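The following exercises concern salt bridges, helix packing and a surface patch. Each task is followed by a solution in steps.

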Amino acid sequence: MKRLTISTFLAVALLSGCSSTEKVIPDVPPSDLYSTAQQALQSGNWNNAIERLEAMDSRYPFGAYSDQVQLDLIYAYYKNDDLPLSQATIARFLRLNPTHPQADWVYYMRGLTHMAQDRSFMHDMFNIDRFDRDPTPSRQAFRDFKYLLERFPDSQYDADAKARMVFLKNQLSEYDLAVADFYVRREAWIAAINRCQQVQRLYPNTSAARKSLLLEKTAYEKLKLNKEVARTEAVIKLNPVK
């Protein structure tokens with residue numbers, strides 16, 4: 001008997017969680033169905049809310065509640081950690097409603113969803129250090145929040161987006177610093193120097209940028225590049241590691 005791989009386990013889990021809401025949700029007027037969905041949202045019963053909202057989306061795709069159902073699904077999927085479904089619903093909503101009054105909130109949720117993707121349950125389960133993992137979701141989240149600030153400078157979500165960008169900037173700088181440290185430990189001196197310089201260029205005024213100077217100095221010393229060692233030491237004096 002073959003053992004179940006992690007990918008097989010995930011596929012089985014996803015399939016077992018998918019069922020037709022049409023079989024369990026009663027055929028009631030859309031106003032009643034939406035009312036029960038709202039009650040589920042307010043009580044934090046995300047699965048219950050999703051079942052009813054999906055039923056509405058399927059039965060009344062062009063009804064009076066259509067836009068709000070999509071917005072509620074984005075939020076419910078996010079809160080329920082159904083992140084791919086939340087992202088797909090966001091993409092669909094923005095494609096169909098590019099100038100919607102709540103478009104800024106949708107872009108904000110896109111950033112939150114990408115941030116949440118960087119802490120998937122598999123990483124939490126196995127306690128994987130995120131600083132040396134794929135930073136793609138965090139990079140995308142940073143771009144999402146940056147776009148929100150550029151397109152909607154007066155949005156009520158701007159202050160939170162700015163704070164999250166600061167957090168992401170520090171997180172991403174630590175990703176690249178971990179890569180530079182990996183190269184140093186592998187004695188890949190040129191690669192280490194390049195990555196250190198990338199940290200300094202992309203993430204100035206961060207702790208990681210200051211720490212990268214120490215790694216860069218080590219690489220120059222190993223390559224016996226005395227002029228570069230002296231230059232880096234001078235920069236370190238001006239930017240001490242705190």
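A residue is called buried under 20% relative accessible area, exposed over 50%, and partly exposed in between (1.4 Å probe, protein chains only). The model is predicted: local features need pLDDT of at least 70, side-chain atom pairs count only at pLDDT 80 or more, and totals for chains, interfaces and linings use all residues. Residues are numbered from 1 along each chain as its sequence is written, and side-chain values use heavy atoms, with hydrogens and water left out.

**Exercise 1.** Determine where Asp 160 and Arg 164 lie and how their side chains meet.

Step 1. Both residues belong to helix H9, four residues apart, or about one turn of the helix; helices here are DSSP runs (H or I, at least four residues), numbered from the N terminus.
Step 2. Their side chains form a salt bridge of 2.6 Å, N to O; the term requires a side-chain nitrogen of Lys or Arg within 4 Å of a carboxyl oxygen of Asp or Glu.
Step 3. Asp 160 has a relative accessible area of 31% and is therefore partly exposed. Arg 164, at 25%, also counts as partly exposed.

**Exercise 2.** Classify Arg 139 and Asp 176 as buried, partly exposed or exposed, and describe their pairing.

Step 1. In the salt bridge between Arg 139 and Asp 176, the closest N and O atoms are 3.4 Å apart. This pair links distant parts of the chain, 37 residues apart: Arg 139 is in helix H8 (residues 136–151) and Asp 176 in helix H9 (residues 158–185).
Step 2. Asp 176 is buried, because its relative accessible area is 2%, whereas Arg 139 is partly exposed at 25%.

**Exercise 3.** Describe how helices H11 and H12 pack, and name a salt bridge that links them.

Step 1. H11 (residues 207–222) and H12 (residues 226–238) pack at about 165°, their axes being 9 Å apart. Axes are lines fitted to C-alpha atoms, for helices over the stretch in contact, and angles run from 0 to 180 degrees between N-to-C directions.
Step 2. The two helices are therefore roughly antiparallel; angles under 35 degrees count as roughly parallel, over 145 as roughly antiparallel, 65 to 115 as roughly perpendicular and the rest as oblique.
Step 3. Lys 217 and Glu 233 form a salt bridge, with the closest N and O atoms 3.3 Å apart. Lys 217 lies in H11 and Glu 233 in H12, 16 residues apart.
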